[in-house]
Amino acid sequence: MSNKRQTRTSLLCLSLWLYMAVQLWAIDRNVAHWKMDEGVGTVVTDLAGGHHGTLIGLDPEAAWINDGQLGSAIRFDGLEGHHIAIPHADDLDFGDNDFSISLFVRYPTPPTDLDQRWIIKGSHSNDPNTGKRYELFHHNSNVVRFVIDDDNTKSRIVVDDAPFISGEWVHVVAVRDTQQGQLSLYADGVKLNSLNPASESDNGTDLTGNISNGEQLRIGESTVDGGSVMTGDIDDVCIYATALSADDIANLYACWPALGEVLTSSKVTLGWGTSSSLETYDLYLGTDYQAVKDATLDSPLLIATALDANTFQPDTDLDYGQTYYWRVDRVTSPSTIVPGDIWHFSIEPYSLALASTSVTATASNFRTGYGPERIVDESGLDPNDLHSNYMPDMWFGSYVPDESLWVEYQFDKIYKLDEMWIWNFNSDLEYAMGIGAKDVTLEASLDGITWSLIADLQLSQGTSQPGYSAQYRG
């Protein structure tokens, strides 16, 4: 730094602390999650893997419905060429490995005798495509099929369609378990029996090899076959690169958010199982497991009582960076209360520290051994973000007459800003030398050409003591 204690700091993006939307799951290896909660437009966002889908042919005004299993959903109109298209990605192909599909399906009216693809990746024919695929669909013979095909051997499980066409939302899970050599289908948490248990071609025996196909994924219609369009509703589609266990599936069906899910929003809707006209529900919510477990009707943790629906949204937003526990009791009569299990979810922190590998610092100049990389690689910071007074932990530039010292941070992409923290120069001799920054200008740019003023700051002199707190957090 100069003995004038001045510097100009220019930034392409502003923060080393920033808000980053991330989605984590209690069930490992969730590679795609289309919640279908947008409610408008033609984009269907994948919260897990970034495999965003597009409405093809469907009219957004009619396709988005508000009475999804949880939030909005998509209603398919049964017209040829109308579906959700998701581009190929390698992590949506599973080769000869495990995977699972989870989604909610509803038929407001019984399906016709046409095949109706709920989800498919790949194709039936190897001319001009691969002939490899996985698909889950309602077949015109009043059955539901989960099929995988490596273009040589096709394996499938075939079950009766009665559990899926009740007119209500049904939670559907399809599982390929290569260790067991088995395909399975579940409806509302219950594993279904094959209609032909003695037939290897129908009972889910997995004799198939590599099903990776490099082709598009579609929801609501087949990739190549006509007469395969969905005429019902689909919501909350997830794909997992693992074979979900029976307990995993029971938990997915039992509660929303999923058990252990980490949410990106503080506005939460809670949902559970299915509702019955013969019972109501009492809902408890809190941040302490034991307190929620022990709560009774006079507890402040009771946030709703005598609910006749199986969803509820708290009146206020919840806190970021917090784990919540909740319980739903079934009330079958005034004197009969059946306590529920304790479920939990978390809300991600509002801000996440940007990894030092995501930013490169350059400077107008620096002295050997005191480069600008020291600013971003956490040199000198302890676990409480307090800085040392050891000079090699800091950037040290040289004064050049009539020139400003500057540091520029180049990020690997554009981020949504929350905060930037600044520690001034703080060597053990700073109290006597006074060579830290004083007047500082912060600027930001998206292209490195046009810069916008963020703030003009005046920093205080470093303390020369270890355990030095950031002077600026803004």
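Methionine 433 sits in helix α5, which covers residues 430-433. In this predicted model, the residue is partly exposed, with a relative accessible area of 43%. Together with Leu429 and Tyr431, Met433 makes a nonpolar surface patch of about 330 Å².

Stepping back to the whole protein, there are five helices and 35 strands. The C-alpha atoms fill a box of roughly 85 × 65 × 45 Å along the principal axes. Of the 474 residues, 49% are buried. The accessible surface comes to about 21,500 Å², and carbon and sulfur atoms account for 48% of that. As for contacts with a separation of 6 or more, 68% are between residues 24 or more positions apart.

Now for the sheets. Eight strands line up in an open sheet, in the order β4-β5-β8-β17-β10-β11-β12-β13, with antiparallel pairing. At its edges are β4 (43-44) and β13 (154-160), each of which pairs on one side only. Further in, strand β11 (residues 132-139) and strand β12 (residues 143-150) run antiparallel and are joined by eight bridges. Within that pairing, glutamate 135 stands opposite valine 147 of β12.

Another open sheet has three strands, ordered β19-β21-β24, and here too the pairing is antiparallel. Its edge strands are β19 (255-256) and β24 (311-312), each pairing on one side only. Strand β21 (residues 270-272) is joined to β24 by two bridges, and leucine 270 has phenylalanine 312 as its bridge partner in β24.

Glutamate 135 turns up again when it comes to charged pairs. Its salt bridge is with arginine 133, and the closest N and O atoms are 2.7 Å apart. Arginine 133 counts as buried because its relative accessibility is 4%, under the 20% cut-off. Glutamate 135, with a relative accessible area of 1%, is buried as well. A further salt bridge brings together the side chains of aspartate 115 and arginine 117, at 3.5 Å from N to O, and both of these residues are buried. These pairs are part of something wider: Asp115, Arg117, Arg133, Glu135 and Asp149 are linked in a network of salt bridges.

The count for the protein comes to 15 salt bridges. One of the others pairs aspartate 233 with arginine 75, with 2.7 Å between the closest N and O atoms. Aspartate 233 belongs to strand β18 (residues 233-240) and arginine 75 to strand β7 (residues 73-75), so this pair ties together parts that are 158 residues apart in sequence. The two partners have their own degrees of cover: aspartate 233 is buried at 0% relative accessibility, while arginine 75 is partly exposed at 33%.

What about the nonpolar interior? The largest nonpolar core has 46 residues, and Trp118, Leu136 and Ile219 have the most contacts inside it. Strand β9 (residues 99-106) gives the most to this core, supplying four residues. Leaving aside residues up to four places away in sequence, leucine 136 touches a long list of others, including Ile101, Leu103, Trp118, Ile119, Val144, Phe146, Val172, Ala174 and Leu185. The list also takes in Arg117 and Arg145, and Arg117 is the residue seen above in the salt-bridge network.

Apart from the largest core lies another one, of 20 residues, among them Ala363, Tyr415, Val440 and Tyr472. Ala363 also has a place in a strand pairing: alanine 363 stands opposite valine 407 in β30. Strand β29 (residues 359-363) and β30 run antiparallel, with five bridges joining them.

Strand β30 (residues 406-411) has two quite distinct faces, as its side chains alternate along the strand. Val407, Tyr409 and Phe411 point to one face and are buried, whereas Trp406, Glu408 and Gln410 point to the other and are not. That fits a general pattern: in a regular strand, side chains alternate between the two faces of the sheet.

Conventions: Residues are numbered from 1 along each chain as its sequence is written. This is a predicted model: local features need pLDDT of at least 70, side-chain atom pairs count only at pLDDT 80 or more; totals for chains, interfaces and linings use all residues. Side-chain values use heavy atoms; hydrogens and water are left out. Two strands pair if DSSP finds at least two bridges between them. Patches are made of residues with over 30% relative accessible area and no salt bridge: like charges are joined within 9 Å, nonpolar side chains (Val, Leu, Ile, Met, Phe, Trp, Tyr) within 5 Å. Accessible areas come from the Shrake-Rupley method with a 1.4 Å probe; for residues, only the protein chains shown count as cover. A salt bridge is a side-chain nitrogen of Lys or Arg within 4 Å of a carboxyl oxygen of Asp or Glu. Buried means under 20% relative accessible area, exposed over 50%, partly exposed in between (1.4 Å probe, protein chains only). Contact means heavy atoms within 4.5 Å. A nonpolar core is a set of buried Ala, Val, Leu, Ile, Met, Phe, Trp, Tyr and Cys residues joined through side-chain atoms within 4.5 Å.
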